[in-house]
Every structure is written in C-alpha cells, then in structure tokens.
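Me: Hello! I am new to this structure and would like to understand the words people use for it. Could you walk me through them?

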Amino acid sequence: MPVAMRARSSNGYLLIAASGGLNQQRTGISDAVVVARILNATLVIPELDHRSYWKDDSDFANIFDVNWFISYLAKDVTIVRRVPDKFMRSMDKPPYTMRVPRKSPPEYYLDQVLPILQRRSVLQLTKFDYRLANNIDDELQKLRCRANYHALRFTKPIQELGQKLVTRMHAMANRFIAVHLRFEPDMLAFSGCYFGGGDKERNELGEIRKRWETLTDVDADEERRRGRCPLTPHEVGLMLRALGFANDSYIYVASGEIYGGEETLRPLRDLFPNFYTKEMLANEDLKPFLPFSSRLAAIDYIVCDESDVFVTNNNGNMAKILAGRRRYMGHKRTIRPNAKRFGPLMMEKDAMDWDTFARKVKAFQKGFMGEPDEMRPGRGEFHEYPYSCICERPLSDVVDNKRGDPRSEQGNQGLRERSKEEEPALGGKENEA
C-alpha cells in the first residue's frame, strides 16, 4: 500500500474529541488521522468520550498502544501525546473549538477549518464521529485503512486476554460462531420498539426513553414492520438454525448488559447449548476490566474478529467496523440480518411451520451473508466496505475461504447442518420473541 508522505512544516495542532462507544470512537480516530493529513496538522492523541451512556473514563492509552499508533503513522502524519506546555503558555487565547458537519468532504476542511487552524495554531474538533465524507480520494482512503486496521492496536493486557479467550473457544471446537447482541436497555428504549415484555417493559423502557427530549412517540409495531428493531436473542437463534447451523455449534456471545438478563438469553441458549461469554471464559482474569465498558468491548472485538462466522442482530457501529475489518483482512463470513424483511417475518412466524419459515429466512438473507462481492464499491459506509484497500483475489481463493459457510464441506466441521430431528419449534409461549 503506497504511503502518503506528509509535508515538513505543520499548520498547527489538531485536537480531537471522539464520541460514543468504542467502535464509534474508532471511526472518529481513524478519520482524525486523515483530516490531520488533509490539513497538514500535527495530530494530538485523541480524547475519548467519558460522558456517553457507558460512562467509561478510559483514555486512549488505556485501550490502544500509543507508541505503536504514533510510530506506525509517522510517515503519514505527525502525532504527539499533547500540545507542548511551552507552546500552550505562549498562546493569547485558549484553543478554538468547533464542530464540523457530518460527512464533510476534504474541501470543507480546506476551506472552512484550515484558515482557523492557521490563525489560531491549536484547534479542537468536538463530537468527532463520522465527520469525514464516505467517498474521498483513494490515497486518503488507504490512509484511513492504515489507521484503522494497523495503527489502532489494543494494549497488551487487552490483546492477551482477548487471544486467551479465542484459544479457549478453539480448545473446545475447531470452529465457532461469534454473535454480537446489541440489546442493552438504552438501545432498546431509543429504538421505541416493543419486545414482548408487557407493561413492565413498556414502563421501564419508557422511563429510559425520556432521557432524549427530542424523541417522539412511535408505533412499536410499525417500527418492527419497517425493520427498525434489533432482533431479539431468540430471533437471532432462529435465524441461525434456519440458515443451517446445528444446535451443537459453539457460539460466543458478545454483549453489554442484556435487557432482561438470563431470561432474555435462555431461548438462544436452548437453541445453542454450547453457549459462552467472556464472563464464562475469563473468570478471574476479567476482574481488572469490569469497571470499563470500552475495554470489555475491546475484548469482545478481538474474539469476534477471530471467529469463523460473525453474526449481528443489528447494523450498528461494531457490526459495520468488524464486517469491514473481516473483508480487509482476507474475508471471513459476516452475517447481518436483512432488517426490512425480518421485521414482518418475525411478526408472522407463529402462523407458519418450520420449513416455510426456514425457506423464507434463506431467501431473505441472500445478499446479507457476507459474500465478498455482495456490496458494490461506493455503497454503504467505507468502514463497512473498505473497497479502496482490498486487492482483487483469484476466484479460487474466495471459494477456498468459504469455510464458515454451513453448506460447505469444510464448514461442516463443528458448524454442521441441523438434522430434521433438531428443528426448533416456532409456536408456543416459550418461543415468543
């Protein structure tokens, strides 16, 4: 990959305040590197969000290897840990702070941001997430990839524990599925959806929803019909079984706080008894990380990245970031639900037999199974499909890499197709979503 050489002199120091959770911040950090290159600015190690829902006070150095980040990108962008104290004391005014519009093109930064940086010498960009356009020059896209997939390396403690969990999964099964469940109370409340928990759920999520003053009341059934609701853990399990994954497959469940706890997870566990989480695998090793949601998310990120099949119940930040990484790193299967088709299907599932349901799932999931060519260049987020950074590969290589396909011969080693006797029932109260 060609290296974009930076100019010798800097136009000033660029401060970045990333926002959101770990993966949202990851997009902001990698985009900040590109913006610093566009502005010919010296990038200061970005500040992470300490005030979001997760309330994690981890700094960049607690999650990522700072020295590696600085040295890896040294030929592209000058990066420092902080603005020199002597320079800050010499300034007449505090650093100028501004927020740029979402998905701003390079021209916006050159026309609107660069003059301020040159005039004030230190500039801070706040709420920095998805503030750079999706489609930019290929050389800048490649820098985006270098920052995201190479320069952002987790700290040694996080990396070691993540790899230890991967080793423990592989010790039990040659191949395993990682399922990312975004099913936290805040996320469900924000969606405005209903998940079958009666008045208790409506009241609890309704109270959480009041945190966002700008949210209006929505029709929960209509939101589900339009595909705007995340799949429940049970629905994810039904999707996987319908796609041909056997109930003796091993799954690793990556998640934060699941709304409803064990009761919500039980239907998925019943469908896949070989069910594991970081809490189950790490035991005492996890204790130092428990107060820090972003570090826990980083551990999940590592295991999901190393899984043979990665499955999501939503199309959020982690789903997109990992789908892109798995494409970039050589292609491993990523299954994401066809939300627009699954909403109505899940509302009607109890009125059909298993074979009909499974046939519809397989039909709806065409184009959502992580095939290398299922997305055209320029479509979707670049972080999800980093096309400028992916080299053309011979068809034989792509075919050989379909090991995670439950229909392939290699994929049947540990992710075998279900037998007729294993078909899960759709009806009955215990199977309600």
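**Buried, oblique, parallel: what the words rest on**

Reply: Gladly, starting with one residue: tyrosine 130 is buried, with a relative accessible area of 11%. Please keep in mind that this is a predicted model.

Me: What makes tyrosine 130 buried?

Reply: The word buried is used for under 20% relative accessible area. Tyrosine 130 has 11%, so it counts as buried. This tyrosine lies in the loop between β5 and α6 (138–151), and its phi is positive, near 55 degrees.

Me: Why is a positive phi worth pointing out?

Reply: Because most residues other than glycine have a negative phi. Serine 121 is another non-glycine residue with a positive value, about 75 degrees. Serine 121 sits in the loop between α5 (106–120) and β5 (122–128).

Me: Why is serine 121 called partly exposed?

Reply: Buried means under 20% and exposed means over 50%, with partly exposed in between. At 25%, serine 121 falls between those limits, so partly exposed is the right term. For the chain as a whole, buried residues make up 55% of the 433 residues.

Me: Now the helices. Why is α7 called oblique to α14?

Reply: The axes of α7 (residues 156–172) and α14 (residues 293–306) cross at roughly 45 degrees and come within 9 Å. That makes α7 oblique to α14, because roughly parallel needs an angle under 35 degrees and roughly perpendicular one of 65 to 115. The crossing of these two, α7 and α14, is right-handed.

Me: Which residues of α7 and α14 meet?

Reply: Among them are Ile158, Leu161 and Leu165 in α7, and Ile299, Ile302 and Val303 in α14. By class, the contact of α7 with α14 has eight nonpolar, four polar and two charged residues.

Me: How do you know that α11 and α12 are roughly parallel?

Reply: Helix α11 (residues 233–242) and helix α12 (residues 261–271) pack at about 20 degrees, their axes 7 Å apart. The limit for roughly parallel is under 35 degrees, so α11 and α12 meet it. Their crossing, α11 past α12, is left-handed.

Me: What do α11 and α12 bring to their contact?

Reply: Pro233, His234, Gly237, Leu238 and Arg241 in α11 meet Thr264, Leu265, Pro267, Leu268 and Leu271 in α12. These residues divide into six nonpolar, three polar and one charged.

Me: How many helices and strands are in the chain?

Reply: The chain has 18 helices and ten strands.

Technical notes: Residues numbered from 1 in each chain as written. Predicted model: local features only at pLDDT ≥ 70, side-chain atom pairs only at ≥ 80, totals over all residues. Heavy atoms only, no water. Axes fitted to C-alpha atoms, helices over the stretch in contact; angles between N-to-C directions. Helix = DSSP H or I, 4+ residues; strand = E, 2+ residues; numbered from the N terminus. Parallel < 35°, antiparallel > 145°, perpendicular 65-115°, else oblique. Left-handed = near helix turned anticlockwise from the far one by under 90°. Contact = heavy atoms within 4.5 Å. Nonpolar A, V, L, I, M, F, W, Y, C, P; charged D, E, K, R; others polar. Buried < 20%, exposed > 50% of the residue type's maximum accessible area, 1.4 Å probe, protein only.
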